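The following paragraphs lead through a predicted model, from its interior to its surface. Please keep the sequence and the coordinates at hand while reading.

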Amino acid sequence: MKDEIRKDYDNLSIDTKIIKNFRGISHTIMHNSEGKGSQSRILIILLENKEVSQRALTRHLGIQPGSVSEVLKKLEDNGLINRFASVDDRRTSILSLTAEGEKAAKKALSHKDQLYNEMLEVLDEKDKQELLALLEKLNDDWDYKYHHKHKHKKKKGE
C-alpha cells in the first residue's frame with residue numbers, strides 16, 4: 001500500500017506536493033506542541049506579557065470564550081494564575097501568573113524551545129534563513145489574499 005501511495009504522490013503536481021507537505025508539517029506541529037488553548041500556551045503568553053485581559057487572550061488564541069474560561073478555571077484552581085478586575089473597567093478580568101505559575105510557564109517555554117530546536121535540527125542556519133524568507137513571503141501573500149481582502153468585502157445588504 002505504501003508504494004501505491006508513494007507512486008500517487010510522485011505523479012502529483014509540485015503545487016499539490018507542497019500543500020501536502022504543509023499539511024503534514026502542520027499536523028506534526030499541532031500533534032507535538034501545545035494546542036490553540038492549552039494550559040502551556042496560556043502560561044507562556046502570560047509569562048511573555050505579565051498581565052493580559054481575558055478578552056485579549058481569547059482574541060489572541062482564536063478560540064471560544066467558554067473554552068478559554070474553562071482552561072483559566074483549571075489554571076486558577078491549580079494556583080498558577082491570578083484573576084482580578086481591571087482598575088479601568090471592573091467588568092474586565094486581568095490575568096497574571098502566580099510564582100508557581102511562573103515556574104510552570106518557564107518549564108513549558110523551555111520544553112517548547114527544545115521541541116522547536118529538535119524539529120528543525122535537520123536544517124543548517126543557511127537552510128533556516130532560506131526557509132524563513134520563503135515562509136514569510138507566502139505568509140504575507142496569503143494574509144493579503146485570504147484574510148485582508150475578505151475582511152474588507154462588504155456583506156450583502158450593506
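Helices here are DSSP runs of H or I with at least four residues, numbered from the N terminus. In these terms, Leu123 belongs to the loop that lies between helix H6 (99-119) and H7. Because its relative accessibility is 24%, Leu123 counts as partly exposed, the range between under 20% for buried and over 50% for exposed. When neighbours within four places in sequence are left aside, Leu123 is in contact with Lys128 and Leu131.

The interior can be approached through the largest nonpolar core, which has 18 residues, and in which Ile42, Leu57, Leu72, Leu75 and Ile81 are those with the most contacts inside it. At least two residues of this core come from each of helix H3 (39-49), helix H4 (54-61), helix H5 (65-77) and strand E3 (93-97), and H3 gives the most, with five residues. For Leu57, again leaving aside neighbours within four places in sequence, the contacts are with Ile42, Ile45, Val52, Val68, Leu72 and Leu95.

On the surface, a nonpolar patch is formed by Ile14, Ile18, Ile19, Trp142 and Tyr146, which together have about 490 Å² of accessible area. Helix H2 (14-32) and helix H7 (125-151) each supply at least two residues of this patch, and the largest share, three residues, comes from H2. Ile19, one of the patch residues, lies in helix H2 and counts as partly exposed because its relative accessibility is 35%.

Notes: Residues numbered from 1 in each chain as written. Predicted model: local features only at pLDDT ≥ 70, side-chain atom pairs only at ≥ 80, totals over all residues. Heavy atoms only, no water. Patch = residues over 30% accessible without salt bridge, like charges linked within 9 Å, V, L, I, M, F, W, Y side chains within 5 Å. Areas by Shrake-Rupley, 256 points an atom, 1.4 Å probe, with all protein chains shown as cover. Salt bridge = Lys/Arg side-chain N within 4 Å of Asp/Glu carboxyl O. Buried < 20%, exposed > 50% of the residue type's maximum accessible area, 1.4 Å probe, protein only. Contact = heavy atoms within 4.5 Å. Core = buried A, V, L, I, M, F, W, Y, C linked by side-chain atoms within 4.5 Å.
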